[in-house]
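Colleague: I would like to learn how the words used for a protein model follow from its values. Could we go through some of them together?

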Amino acid sequence: MPDTQALVNDFLNKLKKRKIEGSQATAKQTAELLRSVISQTRMPYTNQASALIHSVKAVGERLIAANPVELAVGNVVRRVLHIIREEDLSLTTAAMAGLNLSAESDDEDDTDRDNHPALSAAAIAAASRSTLRPPSLQTLLEDVPDSAAVPHTSSSGGDSEGKSKSADKSSRSRKLKHDVIEAVNELIQDISTCRELIAEQAVEHIHQNEVILTLGSSRTVLEFLCAAKEKKRSFRVFVAEGAPRYQGHLLAKELVTRGLQTTLITDSAVFAMISRVNMVIVGAHAVMANGGVIAPVGLNMVALAAQKHAVPFVVLAGSHKLCPLYPHHPEVLLNELRSPSELLDFGEFSDCLDFGSGIGAPLLHVVNPTFDYVPPKLVSLFITDTGGHNPSYMYRLIADYYSADDLVLERRTASGN
Amino acid sequence: MNRVGLQYLAGDLSGGNARCIAMLQAFQEAIRDYSTPPEKTLTRDLTSKIGGFVSFLIECRPLSMSMGNAIRFLKSRIARLPLTLSESEAKTTLCSDIDRFINEKIVLADKVILRHAAAKIRDGDVLLTYGSSCVVEMILLYAHELGKQFRVVVVDSHPMLEGQKLLRRLVVKGLSCIYTQLNAISYVMHEVTRVFLGASSIFSNGTVYSMVGTASVAMVAHAFRVPVLVCCEAYKFHERVQLDSICFNELGDPDAISKVPGRVDVNFLDNLTDKQKENLELLNLKYDATPSDYISVIVTDYGMIPPTSVPVIVREYRKEYLLI
């Protein structure tokens, strides 16, 4: 598959060099790439789902390793794996339901049963074996279940059944790929429209004469506020500038262009101003399984101030940002340190860098983290494209989008290989 | 007097102590050059002259609390001058009073604060400070001279960026420093063992009035259970009470927010249209009020006191300098 390899390498390069801005763009491109990978995968006669999963996992691990801090990549990979498992399961249950019906109606006409030719019990057993089994102790200890299973199933059927089975399997394999690709297309569509769905809920939360505080810049927040403005709600916005990237300046410019009353304040003034604010609305980089938020730096300080003054702290996040992992030491493990030149000018401070203590280590360290972790108890509400949720509910949404088998994507190498 | 006023305006002179000392020395010069016009009493005329100077200074930049207290001290001294004194004797008395005030209330007070605070620094500590406070800088350098091994985290904020000046002075003396900006305090606070803050004034309900952003630092330190020590001379205490930062504050230059020095890639707010300018307001607050529950202890020249003892000091010791 030279074509997809080139695409994959190109995307890996972009991820490593941090060329893609924003989790929505990253998620969309990841999904499109995985769609190409799926359409290029060769499907064997049996265990198609495992083949698909294998090829998606192989690419997915490399993508995640390229940028481990961008959690949207891992989320989309796991979503696609979940889609494959679900489609496979629904096809098998449909096939088995079809078989049961045709078994009951043996006397009836077979012409309308073209899609589900009558098969013997052995074929039913083979079909159920080829679907993915839930993890049991045996499957966990097996390293490569696919190749071992292939001769097993093919030996179980007789020749005549083999022919009808293979005809059925090839149509099933085409159907599986087709269904998976359709579902991935839906996923891409969902990722693209998540901001509109979130913005639709703006009117429920913003009343008249409100004062809203935000920090830095988030396109989701921008659309949210503009949707409320369009529905004729009157409110004013305090935007904290969000050093050292100063994205708050950008957001303030956008808001005034659309006619919203905006006040730009410094980050240091957030505690001073928050007593006069009705609500804090911010975007997130990622939402973890415990309801904690990985957010742009400075938001933990804002969340603490909001809690002190009993101001609701609302986080807007599309469902592609929901990560099934629990955060362990997120300030260090899920953080990126940016260049110190954003804080200090090297030219001015070059003389300070010459002084060394006895061991020769530099005396001056500059720390410039990108993200902050906000614990779930400081968040009042999550607004996602599926509606509003409490932080304690986020772990349930994981069951909708992800399968338990996919949470750890790195495979152990087998002792024999 | 003009020179001092212009220095305030230009922002060259900043920090409560520096401004107060400069103002008092300017008053000393003005008093030495003063001569009573005929048919006027020294006390009333001098008081009105001082009032004139004060208005000029307010035009340049609103007074800080410490300056307000110093002016009240001076006016009360003038009012208590015995009428039997000749003009030259009155002038020398006033000048020596001003010298004593500066010496006792600022210079010696700082020395006492140094000794108290340095006792609270242990080897292996990581100390955090915000902005540039002259008292905290003295404490850090003093503790370093005593031979204590510690690291300093200097937290800074836009637009003043005062922390960079402090950083340079500390690194030159050989202290190991970490520099960061205010948004990253949750990231660094994990390692910090003590927070030292300066204050412009402390009110009678224990609220600390200081550079904007101090309240955020104290709040995050409190959330991470790190002790917060505020170092402040007693002459800066005031009998006002204040609950939040909005009721009484000083506004700085709004354009200072839209400019980021040294970084051309983030000048988003250049070239705004009129319509945009009409909806956009730039707010540059200079001070904020830190609630007393975030403060562990206040280090003053009267010792280390909890925030609840501030009104006691204001009441008991305020009479003292009026009776010098």
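Modeller: Gladly! Let us begin with A:Pro244, in the loop between strand S2 (235–240) and helix H11 (247–257) of chain A. Please keep in mind that this is a predicted model.

Colleague: What is the peptide bond from A:Ala243 to A:Pro244 called, and what is its omega?

Modeller: That bond is cis, with omega near -5°. Chain B offers another case: the bond from B:His158 to B:Pro159 is cis too, with omega near 10°. B:Pro159 sits in the loop between strand S2 (150–156) and helix H7 (163–172) of chain B.

Colleague: B:Leu161 lies in that loop between S2 and H7 of chain B as well. What makes its phi worth a remark?

Modeller: Its phi is positive, about 50°, although B:Leu161 is not a glycine. A:Arg18 is also a non-glycine residue with a positive phi, in its case about 55°. You will find A:Arg18 in the loop between helix H1 (2–16) and helix H2 (23–40) of chain A.

Colleague: Why is A:Arg18 called partly exposed?

Modeller: We set its value against two cut-offs: buried means under 20% and exposed means over 50%. A:Arg18 has 34% relative accessibility, so it counts as partly exposed. The value for B:Leu161 is 22%, so that residue counts as partly exposed too.

Colleague: And A:Leu222, in helix H10 (residues 219–230) of chain A: is it buried or exposed?

Modeller: Its relative accessibility is 8%, and the limit for buried is under 20%, so A:Leu222 counts as buried. Leaving out residues up to four places away in sequence, A:Leu222 touches A:Leu251, A:Glu254, A:Leu255 and A:Arg258. A:Glu254 is 32 residues from A:Leu222 in sequence, yet their C-alpha atoms are 8.0 Å apart in space.

Colleague: How many residues of chain A are there, and what percentage is buried?

Modeller: Chain A has 417 residues, and 50% of them are buried. Its secondary structure comes to 16 helices and 11 strands. Of the contacts in chain A between residues at least 6 apart in sequence, 81% join residues at least 24 apart.

Colleague: Now to helix packing. Why are H5(B) and H6(B) called oblique to each other?

Modeller: The axes of helix H5 (residues 87–118) and helix H6 (residues 134–145) of chain B cross at roughly 55° and come within 9 Å. Angles under 35 degrees count as roughly parallel and 65 to 115 as roughly perpendicular. Roughly 55° falls in neither range, so H5(B) and H6(B) are oblique to each other. Their crossing is right-handed.

Colleague: Which residues meet there?

Modeller: From H5(B) come B:Asp110, B:Ile113, B:Leu114, B:Arg115, B:Ala117 and B:Ala118, and they meet B:Val135, B:Met138, B:Ile139 and B:Tyr142 of H6(B). Sorted by kind, the residues of this contact are eight nonpolar, no polar and two charged.

Colleague: Which residues have the most contacts inside the largest nonpolar core?

Modeller: They are A:Phe313, B:Leu128 and B:Val195, in a core of 81 residues. Helix H13 (residues 299–308) of chain A gives the largest share of this core, seven residues. A second, separate core has 35 residues, including A:Phe11, A:Leu33, A:Leu34 and A:Val180.

Colleague: What does B:Val195 contact, beyond its neighbours within four places in sequence?

Modeller: Among its partners are B:Leu128, B:Met189, B:Val217 and B:Ala221.

How values were computed:
Residues are numbered from 1 along each chain as its sequence is written. Chains are lettered from A and ligands numbered from 1 in the order in which they are written. This is a predicted model: local features need pLDDT of at least 70, side-chain atom pairs count only at pLDDT 80 or more; totals for chains, interfaces and linings use all residues. Side-chain values use heavy atoms; hydrogens and water are left out. Axes are lines fitted to C-alpha atoms, for helices over the stretch in contact, and angles run from 0 to 180 degrees between N-to-C directions. Helices (H or I, at least four residues) and strands (E, at least two) are DSSP runs, numbered from the N terminus. Angles under 35 degrees count as roughly parallel, over 145 as roughly antiparallel, 65 to 115 as roughly perpendicular and the rest as oblique. A crossing is left-handed if the near helix is turned anticlockwise from the far one by less than a right angle, and right-handed if clockwise. Contact means heavy atoms within 4.5 Å. Ala, Val, Leu, Ile, Met, Phe, Trp, Tyr, Cys and Pro count as nonpolar, Asp, Glu, Lys and Arg as charged, and the others, Gly among them, as polar. A nonpolar core is a set of buried Ala, Val, Leu, Ile, Met, Phe, Trp, Tyr and Cys residues joined through side-chain atoms within 4.5 Å. Buried means under 20% relative accessible area, exposed over 50%, partly exposed in between (1.4 Å probe, protein chains only).
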